[in-house]
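Welcome, and please open your viewer. We will go from one selection to the next, with a short note on what to look for at each stop.

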Amino acid sequence: MIKVVVFDADKTLWDHYNISEFVEPLKKISEDEIEDSSGNKLKLFPNVRESLKELKRRGYILGVATWNLPEKASLVFNALELSQLFDIVVSRPFPFKFLMLTEIINELRKRGVNVRRDEIMFIDDRRIHFGNVWLYLPGVKCIEMWKEMQDHIDVFKLLERSQLNDF
């Protein structure tokens with residue numbers, strides 16, 4: 001049974017491809033949209049906020065594993081008021097998601113939460129990141145956003161399937 005749901009950020013939670021390009025200050029346009037001082041805009045995909053809130057309500061541990069500069073990720077998550085919805089945000093300036101997932105697992109252990117790899121679902125828009133996850137963290141359920149999920153609400157169908165061992 002899945003206990004931890006980890007999301008990529010760029011092109012998975014929002015429509016921008018690289019928030020490391022954002023230049024301060026950030027301006028909030030709406031609850032789900034921000035703009036930087038260079039005119040770069042970012043908008044959450046539909047149902048992201050609602051899905052995250054429902055996942056938290058249901059007791060899932062939520063994480064982020066994103067290939068971005070940590071200070072930029074922190075700015076964006078805070079500007080969108082998403083920080084409080086995630087238990088762990090790991091943002092690194094390299095693409096190795098298996099290392100970020102390992103960091104999440106280790107941090108949870110430090111907090112006294114032991115999870116097995118088969119209790120983790122990782123959602124990313126780029127399948128290329130799954131190879132090393134499968135190699136170094138077998139058991140983690142990798143979900144390709146926009147292929148296996150067309151909407152963030154779809155996460156609940158996938159979680160139901162995982163409970164039935166139908167993955």
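In what order do the strands of the open sheet of 5 strands lie? The order is 6-5-1-7-8, and the pairing is parallel. Keep in mind as you look around that this is a predicted model.

**Stop 1: the edges of the parallel sheet**

Select residues 88–92, which are strand 6, and residues 141–144, which are strand 8. Both stand at the edges of the sheet with a single partner strand each, so one side of each has no neighbour in the sheet. If you look at how the strands are turned, neighbours in this sheet are rotated by 20° against each other on average, direction ignored.

**Stop 2: strand 1 beside strand 7**

Now move to strand 1 (residues 4–7) and strand 7 (residues 120–124), a parallel pair joined over 4 bridges. Pick F7, and you will find I123 of strand 7 opposite.

Next, click on V4, also in strand 1. Is V4 buried or exposed? V4 has a relative accessible area of 2%, and because buried means under 20%, V4 counts as buried. Leaving aside neighbours within four places in sequence, V4 is in contact with I61, L108, V115, E119, I120 and M121. For a distance to try yourself, go from the C-alpha of V4 to the C-alpha of I123: they are 11 Å apart in space, and 119 residues apart in sequence.

**Stop 3: the loop between strand 1 and strand 2**

Follow the chain to the loop between strand 1 and strand 2 (27–30), where H16 lies. H16 is buried, at 7% relative accessibility. Show what surrounds this side chain: beyond the neighbours within four places in sequence, the contacts of H16 are D10, K11, E21, F22, N40, K41 and L42.

K11 sits in this loop too, between strand 1 and strand 2. Although K11 is not a glycine, its phi is positive, at about 65°. With 34% relative accessibility, K11 is partly exposed.

Another residue of the loop between strand 1 and strand 2 is P25. Check the peptide bond from E24 to P25: it is cis, with omega near 0°.

**Stop 4: the antiparallel sheet**

Here 3 strands form an open sheet in the order 2-3-4, with antiparallel pairing. Strand 2 and strand 4 (41–43) are the edge strands, each pairing on one side only. The average turn between neighbouring strands of this sheet is 25°, direction ignored. Strand 2 and strand 3 (residues 33–35) run antiparallel and are joined by 3 bridges. To see one such partnership, select K27 and its bridge partner in strand 3, E35.

**Stop 5: on to the helices**

In the loop between strand 4 and helix 1, find N47. N47 has a positive phi of about 70° without being a glycine, and is partly exposed at 27% relative accessibility.

Then select helix 1 (residues 48–57) together with helix 5 (residues 155–163): they pack at an angle of about 35°, and their axes are 11 Å apart. S51, E54 and L55 of helix 1 meet V155, F156 and L159 of helix 5. These contact residues divide into 4 nonpolar, 1 polar and 1 charged.

**Last stop: the largest pocket**

Which residues lie nearest the centre of the largest pocket? Select D10, Y17, W67, R126 and H129 to see them, out of a lining of 15 residues. The lining divides into 3 nonpolar, 5 polar and 7 charged residues, and the pocket has a volume of about 230 Å³.

Methods. Residues numbered from 1 in each chain as written. Predicted model: local features only at pLDDT ≥ 70, side-chain atom pairs only at ≥ 80, totals over all residues. Heavy atoms only, no water. 1 Å grid on protein atoms, 1.4 Å probe; cavity = no way out; pocket = protein on both sides within 12 Å on 5 of 7 lines; lining within 4 Å. Points joined across faces, edges and corners; volume = space filled by probe spheres on them. Nonpolar A, V, L, I, M, F, W, Y, C, P; charged D, E, K, R; others polar. Axes fitted to C-alpha atoms, helices over the stretch in contact; angles between N-to-C directions. Helix = DSSP H or I, 4+ residues; strand = E, 2+ residues; numbered from the N terminus. Contact = heavy atoms within 4.5 Å. Pairing = 2+ DSSP bridges. Buried < 20%, exposed > 50% of the residue type's maximum accessible area, 1.4 Å probe, protein only.
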